[in-house]
Amino acid sequence: MVDSNGSKPTGQALAERVQGSQAWGSIFRPGSIFRKGYSDSPRNRSYVIMNSVLYHLHPVKVKRHAVKVSYTLCLGGLSFFLFIHLTVTGIFLMFFYRPTAAQAWNDILTLQTSVGFGLLVRNMHRWAAHLMVLSVFLHMARVFYHGAYKPPREFNWVIGVMLLQLTLLLSFTGYLLPWDQLALWAVTVGTNMMGFTPVFGSQVRFVLLGGVEIGTDTLLRWYVLHVLMLPFVTVIFMAIHFWRVRKDGGISGPL
Amino acid sequence: MTEIPEHLRKRADEARQKAAAASGADKPADAAPSEATAPGSEATEGRIPVHLLDRSKAAANQPSPGADPAPGGGGAPAPSSGPDGHNQRLLTVVKSGSIQDTKSVPQDKVHVWPHLLVAEFLAALAVTLFLLAFSIFVNAPLLDLANFNQTPNPSKAPWYFLGLQEMLTMFHPMVAGVTIPGIGLILLVMAPYIDKNPSKAPEDRKFAISLMTVHLMFWAVLVMIGSFFRGPGFNFIFPWNSGLFFEL
């Protein structure tokens, strides 16, 4: 492509044509660094957040102590990141998995032996899940030891405890899906415990299992819970959690 | 015309009587001039330096429109010329704090980009690399196909429920599986409403921190025992003698 003036290098002319086009301008908001370029200045540092979708998550500025890794240990952010990681790897796994007693275990075996990166992605999904339980738990401990649940953050602590339980449920429902001996009997032990809920214990167990015994109905039920319902609820709770962090004046502290 | 509040009128009357009794006796001019010129509080009224009083007396004799603090104000019971020739009236007392206090203290802030986003990106990268490396070297378990006729010995719940399973060896299932974790969970949710201590400093929160630490350690120890020290029949074993009975 040759520039009509011949005065500018071709690459630069092309860049200007693309960035001046209507399509480009419709994608990036006025003030976006992808429209006007980025040079390091306080104004541009603000624009990076203000004119991108990140503005939903982060304010333009935070307290200086809030970026200290030694205070947060990144635990809350990492829990969120692991959730995204689990979503991505989980979607990959869904392409190769059918939640029936006859096919589930074979599908996993085929995934590990015949699908490119199948074993690796399954491993990452599993280890990320355990890591997320750990990081959410440690995040809770961190928040408690910093007294960060005190006013005005009481309700966000409540949301956080809900998220901890949702994390445990997500992990536990995923545990059954490989349909191997480990899954079957771990879930048997777990659901037997829930069956001892006072008054309506047997009903709780029946609803959870989709019958009186673990079977293919249980597998379908837990699959839907695991890939759709619990993530949906978790995303809503996370949205409230993050929104309240900002509304309550950013993260707590310094001590 | 708004009425002068009762307590202010009373205060002004008292000050007037005091001033009449002292009949112009002035105290040492310890008050700052700016404070003394402010027409107002009874505290300063007794301490108006004598030269200022003289000046205001002179001003009262030849009134100028700018000197009158309340031009055109009628209705008030204050006389046109008070004790010592004041022609000022107490309208209201404005406390200094309400004017001078700024509402928020400026905070030391940094831009999210790059300070926070870079840290978040590096943390996410580190975890991704760790997961990738760990997943290359350690495979997720996949045991034999589920078989209802063959119960593995021991049968263990996922590790985060092994604390509960451990308690099953000590209590009735309803206590171990429902009552104790239920109460624990309710206490956890209620923590901000139970803990009324406003301080966040660790030295002020010895009880709360001790309680939480004991609680966390209680579960951690139970999970450890359930994970590593329970063998066939869920009997107590030492892993270095009998081996591990634990799958993630």
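**Strand pairing between the chains.** I began with the strands in this predicted model. Strand 1 of chain A, residues 61-63, pairs with strand 1 of chain B, and the sense is antiparallel, over three bridges. I then looked for a residue to anchor the register: K61(A) has H111(B), in strand 1 of chain B, standing opposite.

**Helix 6 against helix 6.** Next I turned to the two helices numbered 6. Helix 6 of chain A covers residues 75-94, and its axis comes within 10 Å of the axis of helix 6 of chain B, with a crossing angle of roughly 55 degrees. Oblique is therefore the word I noted for how helix 6 of chain A and helix 6 of chain B lie to each other. The crossing is right-handed.

I listed who meets whom here. From helix 6 of chain A come G77(A), L78(A) and F81(A); from helix 6 of chain B they meet E120(B), A123(B), A124(B) and V127(B). Sorted by class, the residues of this helix contact are five nonpolar, one polar and one charged.

**The whole contact.** Stepping back, I looked up the totals: chain A puts 64 residues into the contact and chain B puts in 58. Which elements of chain B supply at least two residues each to its side? I found strand 1 (109-111), helix 6 (112-137), helix 7 (162-168), helix 8 (173-194) and helix 9 (206-228). Helix 6 of chain B gives the most, 14 residues. The side of chain B that touches chain A holds 40 nonpolar residues, ten polar and eight charged.

Key: Residues numbered from 1 in each chain as written. Chains lettered and ligands numbered in written order. Predicted model: local features only at pLDDT ≥ 70, side-chain atom pairs only at ≥ 80, totals over all residues. Contact = placed C-beta atoms within 7 Å. Helix = DSSP H or I, 4+ residues; strand = E, 2+ residues; numbered from the N terminus. Nonpolar A, V, L, I, M, F, W, Y, C, P; charged D, E, K, R; others polar. Pairing = 2+ DSSP bridges. Axes fitted to C-alpha atoms, helices over the stretch in contact; angles between N-to-C directions. Parallel < 35°, antiparallel > 145°, perpendicular 65-115°, else oblique. Left-handed = near helix turned anticlockwise from the far one by under 90°.
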